[in-house]
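Visitor: I am new here. Please show me the protein, and then I will ask how its labels are earned.

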Amino acid sequence: MYEDQLDSHTVHCPYCSTAFDLLVDISQGSQETWEDCPFCCAPIQLKIEISPVTGDLEDLRVGRDDDVL
């Protein structure tokens, strides 16, 4: 993983609403993954959409662990 392939985005925890910076590794392509909130430790579901043409981040959605994204 290279630092130039990490994008920082401010997101809000869907449980405690606290804003925090999330590093997204765009080199991994589109994916669904989970991260724990650094404040309340709740599992946050992430849906990351990467453009297959440009390799840029197109969409980043966050939700509760049981949400359907």
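Guide: What follows is a short round of questions and answers on this structure. Keep in mind that the model is predicted.

Visitor: What elements does the protein have, and in what order do they run?

Guide: The protein has five strands and zero helices. Starting at the N terminus, the order is β-β-β-β-β.

Visitor: What makes its radius of gyration agree with that of a compact globule?

Guide: The protein has 69 residues, so a compact globule would have a radius near 11 Å. The protein has 12 Å, which agrees. Its C-alpha atoms fill a box of roughly 35 × 25 × 15 Å along the principal axes.

Visitor: How much of the protein is buried, and how much area is exposed?

Guide: Buried residues make up 25% of the 69. The exposed area is about 4,500 Å², and carbon and sulfur atoms supply 46% of that.

Visitor: Which residues form the largest nonpolar core?

Guide: There are 11 residues in that core, including Val11, Phe20, Leu22, Ile44 and Ile50. Cys13 and Cys37 belong to this core too. Strands E2 (19-25) and E4 (43-50) each supply at least two of its residues. The largest share, four residues, comes from E4.

Visitor: Why might such side chains gather?

Guide: Nonpolar side chains tend to be buried together in soluble globular proteins.

Visitor: Why is cysteine 37 called buried?

Guide: Buried means under 20% relative accessible area. Cysteine 37 has 2%, so cysteine 37 counts as buried.

Visitor: And why is cysteine 41 called exposed?

Guide: The label needs over 50%. Cysteine 41 has a relative accessible area of 55%, so cysteine 41 is exposed.

Visitor: How many disulfides are there?

Guide: A search of the whole structure finds zero. Cysteine 37 is in no disulfide, and the nearest cysteine sulfur, in cysteine 13, is 3.7 Å away. A disulfide needs sulfur atoms within 2.5 Å, so that pair does not count.

Visitor: How do you know that cysteine 41 is not bonded to cysteine 40?

Guide: The cut-off is 2.5 Å. The sulfur of cysteine 41 is 6.8 Å from the closest cysteine sulfur, in cysteine 40, so the distance is too far for a bond.

Visitor: What does cysteine 13 touch, leaving out residues up to four places away in sequence?

Guide: Cysteine 13 touches Thr18, Phe20, Cys37, Cys40 and Ile44.

Visitor: What share of contacts joins residues 24 or more positions apart?

Guide: Such pairs account for 24% of the contacts with a separation of 6 or more.

Definitions and conventions
Residues are numbered from 1 along each chain as its sequence is written. This is a predicted model: local features need pLDDT of at least 70, side-chain atom pairs count only at pLDDT 80 or more; totals for chains, interfaces and linings use all residues. Side-chain values use heavy atoms; hydrogens and water are left out. A nonpolar core is a set of buried Ala, Val, Leu, Ile, Met, Phe, Trp, Tyr and Cys residues joined through side-chain atoms within 4.5 Å. Buried means under 20% relative accessible area, exposed over 50%, partly exposed in between (1.4 Å probe, protein chains only). Contact means heavy atoms within 4.5 Å. The radius of gyration is taken over C-alpha atoms; the globule rule is 2.2 Å times the number of residues to the power 0.38. Accessible areas come from the Shrake-Rupley method with a 1.4 Å probe; for residues, only the protein chains shown count as cover.
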